[in-house]
Amino acid sequence: MSLVLDSFLGVLALALALRVLLAREALAAAIGFVGLGLVLALLWVRLDAADVALTEAAIGSGVTGLVLLRTAAAAKPVAPQGVAVRGLAALIAFAVFCGLAALVLTLPEPAPSLADEAAAHLEATGLGNPVTAVLLVYRALDTLLETVVLLLALIGVWSLSADRDWAGAPPPLWRFAPTPPLVFLARILPPLGILMGLYLFWTGADTPGGAFQGGAVLAAAWLLVLLAGLRAPPAAGSRRLRALLLFGPALFLAVGALGVVFAGAFLAYPEGIAKPIILVVEAAITASIAVTLGLLVLDPPQPPGPLPVEGHSSP
Amino acid sequence: MSALLSTPTLFGLTGAALVAIGLYGLIVQGDAVRRILAFNILGGGIFLLFGVIARRGAGAGFGGDPVPQAMVITGIVVAFSATALAVALVRRLQALPPEAEDGDEATAGASTEREAAS
Amino acid sequence: MSLIASVHASPLGLLLVLAVIVPLCGLAPLLLLKSRVAERAALVFLAAGLAIVCVLCFEVARSGAPLAYFLGGFKPPLGVGLRADGFSAFMLGVTAVVIVSAGLFAMTAPGADAPRMPLAFWMLLLGVWSALNLVYVADDLFALYVALELLTFAAVPLVCLDGRAKTLSAALQYLLFALFGSVLYLLGAALLYGTYGTLDIILLAQRAHGEPALLAALALMTAGMLAKAALFPLYLWLPAAHAGAPAAASAILSAVVIKAPIFLVVRFWYDIATPAQTAAVAPILAALGAGAVVLCGVFALRQARLKLLIAYSTAAQIGYLFLMFPLAAASAGAGAWGAIAWTGGALHLVSHALSKAAMFMAAGVIAETVGHDRIAQLSGIGRIVPISVFAFGLGGLSLMGLPPSGGFVAKVMLLTSAVQQGAWWIAIVILVGGLLAAGYVLRVLLPALQRPVAEVVPVPVARWREMVALALALGAVALGFVPLQPAAFLAIGRPASWEGAAP
């Protein structure tokens with residue numbers, strides 16, 4: 001029975017992917033992509049990876065979909081390539097599929113795994129969720145650098161504005177006048193979103209969840225408010241905003257440095273108080289991720305001055 | 001025979017198919033936004049392969065090997081950052097008027113430093 | 001594979017962490033302080049990073065053993081390990097020199113009324129440096145993935161700092177190629193984890209015994225790295241991107257950013273793969289390298305703009321680094337000639353880095369002075385900015401492979417290795433490449449040394465900026481006095497074949 005469900009989900013995912021590929025307009029493709037992300041989240045649940053399912057739904061489908069929808073609306077349709085190129089591409093794609101399928105079918109049995117090692121050290125960390133342990137304890141460097149990657153991507157986006165414009169604010173998220181249902185939803189949903197985001201962060205220590213998932217939901221709540229025009233985007237020059245962006249990576253780095261003194265290695269945690277420290281670091285990361293994700297969806301900052309007039313149809 | 005019909009294998013083939021679809025889209029699509037979409041499909045397929053490997057490594061009371069799962073979470077966030085940066089470039093290109101070919105090019109080397117300072 | 005496996009962390013292994021973290025710490029003052037003070041802060045962090053790398057290289061040379069560190073106190077396969085052997089320390093040193101020089105070149109003069117470069121430049125510069133350092137010291141394939149992504153996100157915005165549509169397109173194309181490379185890399189890493197249960201390089205070397213899955217995974221990862229390194233035929237993004245960036249950024253991109261993927265290709269095939277697999281793949285890489293040397297060299301000859309010419313030259317010179325793969329394959333018979341190919345390749349890498357950075361800086365000064373970089377109208381430029389043209393000439397000397405220069409010694413080493421191992425076609429390609437380099441360098445230099453044709457009102461350029469370019473070029477020349485033997489420093493921590501001893 002479960003196999004029937006899984007087959008159905010797999011076929012659905014492929015159908016949506018083909019929809020994204022073959023849609024004539026970029027906007028239809030982007031909408032299909034959001035659907036694909038949600039189906040992939042279900043696939044992850046079927047693979048017993050609830051943390052990843054949450055991340056895929058929140059970030060992979062949600063925030064990425066939002067970013068792509070914004071730009072797809074303004075994309076102009078480009079003439080498709082000639083038959084020769086498409087034939088060759090189809091051949092290459094098919095060859096790659098066959099190769100990967102063969103490799104997947106011949107993966108070694110029994111499968112090598114680090115689950116036992118991860119479980120052995122889990123008790124010392126005080127955490128109940130092994131994925132959080134991997135992210136914040138065993139492979140903490142990857143997570144630290146990931147927060148820096150997010151920050152650097154934001155700096156890259158902001159670098160598209162001249163220096164003098166960095167004091168200004170990004171333009172509004174959507175230049176349409178917001179409709180009443182949107183405003184209503186933007187008043188009702190964000191408090192629930194904030195609650196959900198904080199809960200996801202808090203519960204990530206022992207059950208599926210974590211800083212990234214929680215931060216993404218918080219960012220989504222904020223973006224909904226911006227979308228409905230209930231708040232204006234913050235000024236990029238604001239010291240407070242920049243301090244908030246740096247807070248997560250900086251605290252993580254500081255904890256890592258203190259680990260050299262108190263626990264013998266960079267990013268090591270002292271015995272006994274590992275879990276509270278991890279939660280503090282996660283709280284800081286959640287805040288920074290929420291702000292960074294939100295700003296990454298927005299455009300680069302514009303010169304300070306009157307905002308452009310709304311009402312025209314171009315996004 | 002049972003190995004062929006198990007969930008991980010099924011999803012492994014789905015992942016492989018997504019990689020193939022994404023690759024086809026990457027080669028064939030001309031528009032930058034469609035290429036970015038193809039990248040994300042390609043990435044999704046690869047993450048799914050990671051997930052299959054994680055599921056096969058289940059043990060010690062967990063449903064899957066947590067290390068590849070953590071890698072996928074990192075990968076999803078990185079993929080979003082890449083998409084955001086690419087989209088920002090595309091949007092800036094969409095907003096600029098099409099520029100004249102030869103004239104300004106010549107001053108490119110000189111004006112870069114001066115423009116940056118202005 | 002006889003990699004010296006580190007069981008214990010070295011006492012000074014924390015330097016490895018500092019090399020990665022200290023440049024990142026500079027992001028905070030840059031975001032929080034005012035523009036002028038922020039730029040000074042960036043220079044402080046550049047100096048600090050340089051000091052750390054110096055101590056690190058000195059320590060590796062002194063102890064004769066690689067430095068190692070385990071993050072969080074967890075050893076691989078569960079944790080992430082850092083490791084710096086002789087080759088890594090060498091790359092760290094070269095990167096530090098080029099990046100600090102680029103920082104000095106891009107610095108605002110003390111009395112100027114406006115900053116020379118946007119603040120984003122300094123943030124991206126520190127990001128690039130941190131990412132490069134991590135590429136050279138990380139021993140874990142997923143940490144390397146994060147490092148490569150960090151490098152891409154820091155390098156791409158450098159291309160379009162001037163905001164024109166042309167550079168924006170170039171940046172977008174660079175980003176798409178780089179993402180393609182990352183995706184292939186991740187696919188290979190997935191296959192490796194699924195087969196061996198670890199992504200630590202040393203453990204992979206121990207667990208792998210030449211299975212087909214290993215070959216497939218490494219082939220995918222190498223293909224990804226070739227896209228990032230712009231090796232023929234995936235070089236299409238490089239000319240526009242490197243030429244469109246501001247001069248200091250072009251210098252970094254061509255000199256060091258492009259070398260990181262090549263470093264990883266070396267690690268894949270000489271640290272993880274079996275010698276038989278390496279011997280099978282090396283000729284393919286060398287063939288692509290030969291294509292790059294010849295074709296991109298021809299393209300460079302036909303360029304109308306100086307920065308594009310230098311960029312195509314980069315694409316051509318990258319090919320040389322891949323020519324050394326068959327020569328240095330760790331086969332039993334390679335012995336001393338294999339080792340000298342390594343030293344020749346490393347020497348070529350560093351002299352190209354120094355000379356290319358010098359040439360881009362000189363081109364930047366020329367463009368600022370006369371307002372354009374059209375080669376046809378650059379005659380007589382040698383009278384206007386003599387120091388820069390001299391720096392360009394010295395850098396070109398190294399590219400052409402004329403004595404005295406590092407490029408000359410590198411070519412001699414590679415030619416010797418090729419001839420002694422019977423790889424005549426590689427020797428011919430190296431010589432042809434040298435001729436092409438002579439063609440495109442002299443194409444710029446000879447008119448520059450003549451009398452100016454048109455009346456030009458030059459914009460004055462600070463003398464010390466020209467001196468930075470000259471210093472780099474002189475460095476490339478000074479490398480010409482390196483002794484003609486395998487370098488012992490490079491062999492620290494490497495498999496025995498690097499020292500010239502049969503494995």
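This is a short selection tour of a predicted model, moving from chain A to a helix in chain B and then to a core centred on named residues of chain C.

**Chain A, whole.** Select chain A and colour by secondary structure. You get 11 helices and zero strands. The order along the sequence is α-α-α-α-α-α-α-α-α-α-α. Now show the C-alpha trace. Its principal axes span about 60 × 55 × 35 Å.

**Chain A, surface and contacts.** Colour by accessibility. Of the 315 residues in chain A, 51% are buried. Turn on the surface: about 13,500 Å² is accessible, with 71% of that belonging to carbon and sulfur atoms. Next, pick the charged side chains. Chain A carries 15 positive and 18 negative ones, and the centres of the two sets are 18 Å apart. For contacts, take pairs at least 6 apart in sequence; 76% of these join residues at least 24 apart.

**Chain B, residues 32-56.** This selection is helix 2, with 25 residues. From first C-alpha to last it reaches 36 Å, close to the 36 Å expected at 1.5 Å a residue. Is helix 2 of chain B mostly covered or mostly open? Mostly covered: 22 of its 25 residues are buried.

**The largest nonpolar core.** It holds 356 residues. Select C:Phe121, C:Trp122, C:Val128, C:Leu141 and C:Tyr174, which touch the most other members. Then add residues 165-196 of chain C. This is helix 7, the top contributor to the core with 20 residues.

**Last stop, C:Leu141.** Show its neighbours, leaving out residues up to four places away in sequence. C:Leu141 touches C:Tyr185, C:Leu192, C:Leu199, C:Ile201, C:Leu204, C:Met221 and C:Phe268.

Notes: Residues are numbered from 1 along each chain as its sequence is written. Chains are lettered from A and ligands numbered from 1 in the order in which they are written. This is a predicted model: local features need pLDDT of at least 70, side-chain atom pairs count only at pLDDT 80 or more; totals for chains, interfaces and linings use all residues. Side-chain values use heavy atoms; hydrogens and water are left out. Helices (H or I, at least four residues) and strands (E, at least two) are DSSP runs, numbered from the N terminus. Buried means under 20% relative accessible area, exposed over 50%, partly exposed in between (1.4 Å probe, protein chains only). Contact means heavy atoms within 4.5 Å. Accessible areas come from the Shrake-Rupley method with a 1.4 Å probe; for residues, only the protein chains shown count as cover. Lys and Arg count as positive and Asp and Glu as negative; His and the chain ends are not counted. The place of a charge is taken as NZ of Lys, CZ of Arg, CG of Asp or CD of Glu. The expected span of a helix is 1.5 Å times one less than its number of residues. A nonpolar core is a set of buried Ala, Val, Leu, Ile, Met, Phe, Trp, Tyr and Cys residues joined through side-chain atoms within 4.5 Å.
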